[in-house]
Amino acid sequence: MTTVLLVEDDPAISEPLARAFGREGYEVRAHGTGKGALEEIAGADIIVLDLGLPDMDGLDVARQVRSRGLTTPILMLTARSEATDLVVGLDAGADDYVTKPYSYRELLARLKAVLRRSRAVP
């Protein structure tokens, strides 16, 4: 089973997303803080990462994941919608970037695409 590490501090977003991903057959581990997510990174197949977390910026979470040598795909899900934000997010280690508000169908399609690319054999 594919494990999604959902890092989102707003329960109004994280709870429905966790339920929806679960209905799609994903195992979901949800965390509302960056530090909590970093402690649970092992075994995650993909990280869905908000940038506005209470304890640390999601960009720093992504940078720490990459600095550890981990290649776990990261899909950033954030309200930061400027082109500069997208570029900074991708440079920090994100594999894709989705802005809020978002379409659940698009988010799910992007999640599947990132997973597909991460599992591709060169």
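Which residue in E5 stands opposite Leu 75? Asp 96 does.

## The sheet

This is a predicted model. An open sheet is built from 5 strands, ordered E2-E1-E3-E4-E5. The pairing is parallel. Strand E2 (27–31) and strand E5 (96–99) form the edges, and each pairs on one side only. From one strand to the next, the twist averages 20°.

Strand E4 spans residues 74–78. E4 and E5 run parallel and are joined by 4 bridges. Leu 75 and Asp 96 face each other across this pair.

## Helices across the sheet

Helix H1 covers residues 11–23. H1 lies across four elements: strand E1 (3–7), E2, strand E3 (46–49) and E4. Relative to E1, helix H1 runs at about 170°. Angles over 145 degrees count as roughly antiparallel, so H1 is roughly antiparallel to E1.

Helix H3 (residues 58–67) lies across E3 and E4. H3 runs at about 175° to E4. By the cut-off of 145 degrees, H3 is therefore roughly antiparallel to E4.

## The H1–H5 contact

Helix H5 takes in residues 104–118. H1 and H5 pack at an angle of about 60°, and their axes are 12 Å apart. That angle makes H1 oblique to H5. Their crossing is right-handed.

Which residues meet where H1 contacts H5? From H1 come Leu 17, Ala 20 and Phe 21. From H5 come Tyr 104, Leu 107, Leu 108 and Leu 111. By class, this contact has 7 nonpolar residues, with no polar and no charged ones.

Notes
Residues numbered from 1 in each chain as written. Predicted model: local features only at pLDDT ≥ 70, side-chain atom pairs only at ≥ 80, totals over all residues. Heavy atoms only, no water. Pairing = 2+ DSSP bridges. Helix = DSSP H or I, 4+ residues; strand = E, 2+ residues; numbered from the N terminus. Axes fitted to C-alpha atoms, helices over the stretch in contact; angles between N-to-C directions. Contact = heavy atoms within 4.5 Å. Parallel < 35°, antiparallel > 145°, perpendicular 65-115°, else oblique. Left-handed = near helix turned anticlockwise from the far one by under 90°. Nonpolar A, V, L, I, M, F, W, Y, C, P; charged D, E, K, R; others polar.
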